[in-house]
Amino acid sequence: MDKLNNLGVFVSFGFYLSILAIMFLYLSLNVIATRRSLKITLGDSGNQMVLRAMRAHANFCEYVPFAVILILAVSQLTMLLGLKGNTMSCLLYTSDAADDS
């Protein structure tokens with residue numbers, strides 16, 4: 001049963017990583033589409049729309065890896081401590097905690 005719980009941690013981790021990958025792809029395509037529509041190949045040319053699209057993509061690139069490392073650390077901690085549930089249930093909602101009260 002313990003190995004099944006550990007597997008659930010990695011399945012949920014993979015699920016959330018795939019969602020983040022889809023978001024990254026969307027932001028990348030948004031930058032490409034914005035550049036093409038305004039015919040801007042390099043930089044932002046002082047255009048606010050391009051700058052906003054670029055910064056949204058850059059902020060995602062800067063902050064998401066740190067968040068992923070934190071989520072992985074929490075999931076490893078839950079496995080080491082033998083806590084019930086998986087990473088996301090610890091962070092979001094635990095149905096086991098609702099049953100205990």
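This short presentation describes the fold, the core, the aromatic pairs, the salt bridge and a surface patch of one predicted model.

Good morning, colleagues. I shall begin with the overall architecture. The chain has 4 helices and 0 strands, and read from the N terminus its elements follow the order α-α-α-α. Two of these helices will occupy most of this talk: α1, which covers residues 2-38, and α2, which covers 48-81.

Some totals for the chain come next. Of the 101 residues, 21% are buried. The accessible surface of the chain amounts to about 7400 Å², and 69% of that area is supplied by carbon and sulfur atoms. As for contacts between residues at least 6 apart in sequence, 51% of them join residues at least 24 apart.

Let me turn to the interior. Which residues make up the largest nonpolar core? That core has 5 residues, namely F13, L27, F60, V64 and V68. Helices α1 and α2 each supply at least two of its residues, and the largest share, 3 residues, comes from α2.

Two members of the core deserve a further remark. Beyond its neighbours within four places in sequence, L27 is in contact with A56, H57 and F60. F60 itself has a relative accessible area of 12%, and it is therefore classed as buried, the cut-off being under 20%.

F60 also leads us to the aromatic residues. A pair of aromatic rings is described by the distance of the centres and the angle of the planes. How many aromatic pairs are there in this model? The count comes to 2. In one of them, the rings of F15 and Y16 have centres 5.2 Å apart and planes at 80°, so this pair is edge-to-face. Both partners are partly exposed: F15 has a relative accessible area of 47%, and Y16 has a relative accessibility of 30%.

The pair of F24 and F60 is tilted, with 6.1 Å centre to centre and 35° between the planes. Why does this pair tie together separate parts of the chain? F24 lies in helix α1 and F60 in helix α2, so the pair links parts that are 36 residues apart in sequence. The burial of the two rings may be set side by side: F24 is partly exposed at 34% relative accessible area, whereas F60 is buried at 12%.

A further approach between distant parts of the sequence involves A33 and A53. These residues are 20 residues apart along the chain, and their C-alpha atoms are separated by 9.6 Å. A33 belongs to helix α1 and is partly exposed, with a relative accessible area of 45%.

I now come to charged side chains. The structure holds 1 salt bridge. In it, the side chains of R55 and E62 meet at 3.5 Å, N to O. Are the partners of this bridge buried or exposed, or something in between? R55 is partly exposed, with a relative accessible area of 38%, and E62 is also partly exposed, at 44% relative accessibility.

Finally, the surface. F15, I19 and M23 form a nonpolar patch there, and together they have about 270 Å² of accessible area. F15, which lies in helix α1, thus appears in two of the features discussed: the nonpolar patch and the edge-to-face pair with Y16.

To close, I return to F60, which belongs to the largest nonpolar core, is in contact with L27 and forms a tilted pair with F24. Thank you for your attention.

Methods. Residues are numbered from 1 along each chain as its sequence is written. This is a predicted model: local features need pLDDT of at least 70, side-chain atom pairs count only at pLDDT 80 or more; totals for chains, interfaces and linings use all residues. Side-chain values use heavy atoms; hydrogens and water are left out. Patches are made of residues with over 30% relative accessible area and no salt bridge: like charges are joined within 9 Å, nonpolar side chains (Val, Leu, Ile, Met, Phe, Trp, Tyr) within 5 Å. Accessible areas come from the Shrake-Rupley method with a 1.4 Å probe; for residues, only the protein chains shown count as cover. A salt bridge is a side-chain nitrogen of Lys or Arg within 4 Å of a carboxyl oxygen of Asp or Glu. Buried means under 20% relative accessible area, exposed over 50%, partly exposed in between (1.4 Å probe, protein chains only). Contact means heavy atoms within 4.5 Å. A nonpolar core is a set of buried Ala, Val, Leu, Ile, Met, Phe, Trp, Tyr and Cys residues joined through side-chain atoms within 4.5 Å. Rings of Phe, Tyr and Trp (its six-membered ring) pair if their centres lie within 6.5 Å; planes under 30 degrees apart count as stacked, over 60 as edge-to-face and the rest as tilted.
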